[in-house]
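Open the structure in a viewer that can select by chain and residue number. The stops below say what to select and what is there.

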4 protein chains.
Amino acid sequence: MQLTILIHCPDQTGIISAVTGFVHQQKGNIVYLDQHVDKQAGVFFMRLESEFEQPVQLDSFTEGFGQDLAQKFDMQWEIYPDWYRPKMALFVSKYNHCLYDLLSRFNSGELTVDIPFILSNHLDLKPIADQFGITFYHVPVTKKTKEAAEDKQLELLKKHEIDFIVLARYMQIVSPKVIDVYPQRIINIHHSFLPAFAGAKPYHAAFERGVKIIGATSHYVTEELDAGPIIEQDVTTVSHSHSIKDLIVKGRDLEKIVLSRAVQLHVARKTMVYNNKTVIFS
Amino acid sequence: MQLTILIHCPDQTGIISAVTGFVHQQKGNIVYLDQHVDKQAGVFFMRLESEFEQPVQLDSFTEGFGQDLAQKFDMQWEIYPDWYRPKMALFVSKYNHCLYDLLSRFNSGELTVDIPFILSNHLDLKPIADQFGITFYHVPVTKKTKEAAEDKQLELLKKHEIDFIVLARYMQIVSPKVIDVYPQRIINIHHSFLPAFAGAKPYHAAFERGVKIIGATSHYVTEELDAGPIIEQDVTTVSHSHSIKDLIVKGRDLEKIVLSRAVQLHVARKTMVYNNKTVIFS
Amino acid sequence: MQLTILIHCPDQTGIISAVTGFVHQQKGNIVYLDQHVDKQAGVFFMRLESEFEQPVQLDSFTEGFGQDLAQKFDMQWEIYPDWYRPKMALFVSKYNHCLYDLLSRFNSGELTVDIPFILSNHLDLKPIADQFGITFYHVPVTKKTKEAAEDKQLELLKKHEIDFIVLARYMQIVSPKVIDVYPQRIINIHHSFLPAFAGAKPYHAAFERGVKIIGATSHYVTEELDAGPIIEQDVTTVSHSHSIKDLIVKGRDLEKIVLSRAVQLHVARKTMVYNNKTVIFS
Amino acid sequence: MQLTILIHCPDQTGIISAVTGFVHQQKGNIVYLDQHVDKQAGVFFMRLESEFEQPVQLDSFTEGFGQDLAQKFDMQWEIYPDWYRPKMALFVSKYNHCLYDLLSRFNSGELTVDIPFILSNHLDLKPIADQFGITFYHVPVTKKTKEAAEDKQLELLKKHEIDFIVLARYMQIVSPKVIDVYPQRIINIHHSFLPAFAGAKPYHAAFERGVKIIGATSHYVTEELDAGPIIEQDVTTVSHSHSIKDLIVKGRDLEKIVLSRAVQLHVARKTMVYNNKTVIFS
């Protein structure tokens with residue numbers, strides 16, 4: 001049996017020693033430990049994986065951890081057993097490349113989540129949901145229906161007990177009402193190397209500016225548009241010979257790979273958020 | 001003997017045929033041809049290298065080219081013989097990594113320019129100029145002396161018949177007076193992947209934003225700060241574990257390589273500028 | 001209407017001039033031209049795209065081209081109209097990531113081919129073929145049945161008038177009998193940066209050697225295993241912390257992107273082969 | 001005051017807990033910890049940085065560490081105080097780009113070593129040593145004088161108490177006599193992405209094979225040529241249009257950056273070697 005422990009707390013001496021001592025005492029073998037200290041903010045972050053030959057009582061382990069350590073060091077902490085399998089909702093619009101990439105990883109067993117549903121404001125991608133046998137909800141969004149649409153979204157998210165949302169080129173601004181329920185649990189893909197070309201039509205803006213590199217950025221969604229904590233970025237080279245259409249085509253491969261990497265990091269509990277930035281564990 | 005021909009003109013049919021026909025008729029063998037059509041702007045760009053077994057009278061070749069082709073197609077054009085060796089001035093401040101990189105390439109014969117002088121507002125890098133046996137001018141710049149300093153710069157540039165200027169981390173804003181004399185002939189290195197983090201302290205801004213990629217951008221200087229035509233860009237990955245100081249150190253390697261590549265492209269006459277963008281020939 | 005012309009011939013003066021003159025005379029506007037001279041081998045390569053406002057009689061254009069130019073310069077040449085849409089067969093085995101990537105591009109209209117069938121020595125991927133509505137042939141290969149299997153393959157390829165074959169992690173050595181019928185028209189993906197780690201189990205070999213970079217290589221299949229002309233390569237960084245399984249997972253993303261890029265280059269007629277190397281036009 | 005501790009030992013439970021407990025008890029604050037378990041080999045690796053507000057008696061700390069921990073866990077271990085500054089010898093031949101890169105970093109204070117001497121089998125780079133005010137030894141190597149040359153090298157290395165050697169394109173095979181004295185302390189740069197194109201003339205071999213990517217590899221020197229533990233690798237893209245000379249020019253930038261990175265990793269004690277592979281700490 002394996003446990004993953006995530007911690008952040010005010011930095012002080014003795015944290016690693018105390019935590020690893022506790023795990024050792026519980027007969028756990030630490031197979032991975034990565035830590036980070038944000039010296040400016042004075043915050044300590046740690047991710048630890050531990051193997052236990054004997055089955056662990058998760059409740060008592062957690063209780064002990066809370067009493068012995070969390071209080072003493074004023075920790076924020078999470079513990080995940082290896083059988084944890086989060087429920088992911090996919091929000092899409094008309095582009096299919098990110099959706100295909102995520103679903104094919106899901107089908108291969110590479111992406112260890114459940115996908116209770118795909119939601120879209122258009123019907124275009126319903127055939128793909130059907131192809132993969134996943135429930136598809138069509139929730140159109142217009143200026144008039146926006147509020148009702150959000151209520152519908154929240155209702156579906158609640159009903160299916162969704163843990164986190166992936167905006168796989170959803171093309172709509174997610175309302176604060178939804179963000180509040182899913183803080184640091186909505187993952188978006190933006191088609192530029194943010195903070196360059198935030199907002200709409202980044203490929204057009206990149207073409208206009210004549211950059212030699214384009215990129216894609218996956219980030220957690222916050223109320224400020226395209227300004228949330230960055231999880232993953234990647235870039236590719238372009239030249240004067242590429243049209244806007246070429247940029248869009250080249251960018252698609254970046255978008256799908258960057259988004260899938262970000263989702264994998266989230267699922268593996270390798271991300272922590274602090275001060276609108278991420279710590280990404282190795 | 002070898003000639004390099006650069007052209008841009010309004011796009012129409014028959015340009016390549018006419019130009020290559022002219023070169024063929026002058027007994028030239030085309031060893032390289034790259035062209036680009038900006039369809040939005042309706043502009044045709046071409047770079048052509050031609051070998052001649054017999055020595056060519058440059059004057060009469062140029063005259064013939066002008067009469068037969070340039071007028072007909074309304075061309076902007078330049079012709080460079082292979083013995084052309086431009087005069088480059090280096091403007092520096094206190095950072096030495098770009099200066100060292102350029103001078104070591106110069107010393108190796110990799111960079112085929114003359115360097116009549118290095119100019120700085122500080123004395124810190126004078127020892128490096130001395131090390132490499134290059135004239136060093138110290139032209140301090142303060143609010144009060146800025147205008148006089150620019151006049152001094154222009155005087156030195158003129159006296160030494162400088163063809164183009166490289167700002168190797170010069171850290172000062174170049175005045176429009178100087179830019180006007182050297183349009184598209186002042187090359188700057190900016191320590192971010194523009195247009196992200198334009199202006200001062202880009203590494204601090206990158207750290208604050210929590211990006212996973214940092215970059216460097218070399219561009220021609222125009223009156224609008226950090227907004228000139230981009231010649232070359234490159235990036236490298238960073239993580240939460242990197243401090244601002246780490247970003248600065250990692251960035252130095254990018255800056256020097258990107259600036260040197262841009263200078264090499266300029267010297268090889270592989271750059272053309274149009275609509276505040278560059279065409280970079282292969 | 002648009003034509004793409006591909007040429008290679010012994011290098012001599014006047015080729016570009018003659019070809020562009022011919023196109024100009026046929027009232028074509030050259031919108032793209034890229035050429036390359038292999039100086040060692042003395043061979044000239046060119047790819048040219050031309051737009052015609054009036055419809056062109058392909059037969060008479062081709063005949064004229066042959067008479068006026070091809071004979072004179074001893075050219076190998078191909079001419080493709082813009083409506084050309086090749087027929088691609090997919091050979092797969094048990095891995096599905098390359099297959100999913102190609103089929104999702106096909107479904108999006110990004111990959112402009114016809115796919116008459118998918119062929120495999122196993123039944124594992126039949127559901128994906130079904131998902132996408134493409135004919136699936138199961139042709140098992142054992143030592144005993146290898147020869148019969150190849151005959152079956154050739155029969156299917158002929159029956160469906162296949163233009164080129166993509167081995168999307170086929171995991172079987174293709175017989176010379178098939179290669180002879182499809183010279184430079186079988187595209188393979190190898191999961192290493194060839195020539196490093198040729199042969200089987202490259203990720204195991206990469207792990208053993210402790211490299212810091214892994215790669216993938218797409219190449220045309222020749223009789224010598226993993227030694228055909230390279231079309232496309234890409235790499236990603238790895239570290240001591242990655243297990244063999246991690247390398248396999250990271251490599252999958254490289255494999256699918258590199259293979260899809262190679263297929264796109266082939267379909268766009270941007271590849272030429274000479275001396276077991278490729279010229280890849282821009 | 002700061003200490004860096006490097007450990008490797010047979011893997012078992014409780015190592016991290018014991019080591020961090022010891023540091024905590026010595027009033028050290030752990031500011032960095034990275035660890036790795038090679039599961040196949042059953043070996044545990046750790047690098048730890050600790051800050052001490054009070055000055056530490058290095059001798060007694062070391063003694064205590066040895067008695068309390070090293071024996072118990074059968075550790076190989078090293079402890080470096082922050083004022084440790086190793087002595088580096090540079091072996092060069094005729095190429096100057098790596099030498100210039102290392103010396104300019106040294107002069108900038110970026111590379112915190114002492115450089116007692118530069119040694120070469122040729123006189124070509126003596127002027128650069130003079131430029132930077134570093135002792136230059138000319139030790140020619142011919143078939144006849146090879147043995148005497150090695151003795152001279154060993155004498156100089158001993159006399160100057162050299163800690164590690166950097167072969168900055170030395171172009172000579174280092175004898176086992178020297179390697180035996182400097183195991184895992186001779187750093188070489190090879191101009192290919194090893195294991196591809198091991199041996200001489202890798203750019204010629206890369207050109208011949210038609211690869212789309214070239215690279216450089218820095219590794220510790222072992223008796224088997226180009227087969228030692230890899231410290232760092234990087235690559236860049238090339239195309240059919242690049243001549244061998246172009247590859248050499250592009251490769252130079254890779255070589256110097258990759259070698260400098262490897263030297264920095266070594267100096268920062270971020271490398272450990274096991275089973276002919278490296279663990280590179282973050």
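The tour goes from the chain pairs to single elements and residues.

**Before you start**

This is a predicted model: local features need pLDDT of at least 70, side-chain atom pairs count only at pLDDT 80 or more, and totals for chains, interfaces and linings use all residues. Residues are numbered from 1 along each chain as its sequence is written, chains are lettered from A and ligands numbered from 1 in the order in which they are written, and side-chain values use heavy atoms, with hydrogens and water left out.

**Stop 1: chains A and B**

Select chain A and chain B. A rotation of 180° with 0.0 Å of shift along its axis puts chain A on chain B, with an RMSD of 0.0 Å. This is the relation of a two-fold axis. Copies are superposed by least squares on the C-alpha atoms of residues with pLDDT of at least 70 in both. To find the axis, select A196(A): of the residues of chain A, this one comes closest to the axis, with its C-alpha at 2.3 Å. The same surface serves both copies, since 100% of the contact residues of chain A recur in chain B.

Now show the interface. Here 30 residues of chain A are in contact with 30 residues of chain B (contact means heavy atoms within 4.5 Å). About 2,500 Å² is buried between chain A and chain B, and carbon and sulfur atoms give 59% of this area. Buried area is the accessible area (1.4 Å probe) that two parts lose on being put together, summed over both.

Which three residues of chain A supply more of the area that it buries against chain B than any other three? Select R209(A), K212(A) and H240(A), which supply 28% of that area.

The count of salt bridges between chain A and chain B is zero (a salt bridge is a side-chain nitrogen of Lys or Arg within 4 Å of a carboxyl oxygen of Asp or Glu). Polar contacts are found across this interface, in 16 residue pairs with both residues at pLDDT 80 or more. A polar contact is a pair of N or O atoms within 3.5 Å; within protein, one must be able to donate a hydrogen and the other to accept it, and residues adjacent in sequence count only if both atoms are side-chain atoms.

Colour α7 (202-209), β11 (230-237) and β13 (277-280) of chain A; each supplies at least two residues of the side that touches chain B. β11(A) gives the most, with six residues. Helices (H or I, at least four residues) and strands (E, at least two) are DSSP runs, numbered from the N terminus.

**Stop 2: helix α7 of chain A**

Stay with α7(A) and select its buried residues: P202(A), Y203(A), A206(A), F207(A) and R209(A). Buried means under 20% relative accessible area, exposed over 50%, and partly exposed in between (1.4 Å probe, protein chains only). Their cover includes β9 (186-190), β10 (213-220) and α8 of chain A, together with β11 (230-237) and β13 (277-280) of chain B. After α7(A) comes G210(A), whose phi is positive, near 70°.

**Stop 3: H266(A)**

Go next to helix α8 (residues 244-267) of chain A, where H266(A) lies. Is H266(A) buried or exposed? H266(A) is buried, at a relative accessible area of 4%. Its side chain makes a polar contact of 2.7 Å with that of Y220(A). Leaving out residues up to four places away in sequence, H266(A) touches F164(A), Q184(A), R185(A), I187(A), Y220(A) and T271(A).

**Stop 4: Q71(A)**

Select Q71(A), in helix α2 (residues 58-73) of chain A. Q71(A) counts as exposed, at 65% relative accessibility.

**Stop 5: chains C and B**

Hide chain A and show chain C with chain B. A turn of 180° and a shift of 0.0 Å along the axis lay chain C on chain B with an RMSD of 0.0 Å. The C-alpha of S17(C) is the one in chain C nearest this axis, 2.7 Å from it.

In this pair, 19 residues of chain C are in contact with 19 residues of chain B. The buried area between them is about 1,500 Å², of which carbon and sulfur atoms give 53%. Two salt bridges are counted between chain C and chain B. To see a salt bridge, select K39(B) and E51(C), whose closest N and O atoms are 3.7 Å apart. On the side of chain C that touches chain B, the elements giving two or more residues are α1 (15-25) and β2 (28-38) of chain C. β2(C) gives the most, with eight residues.
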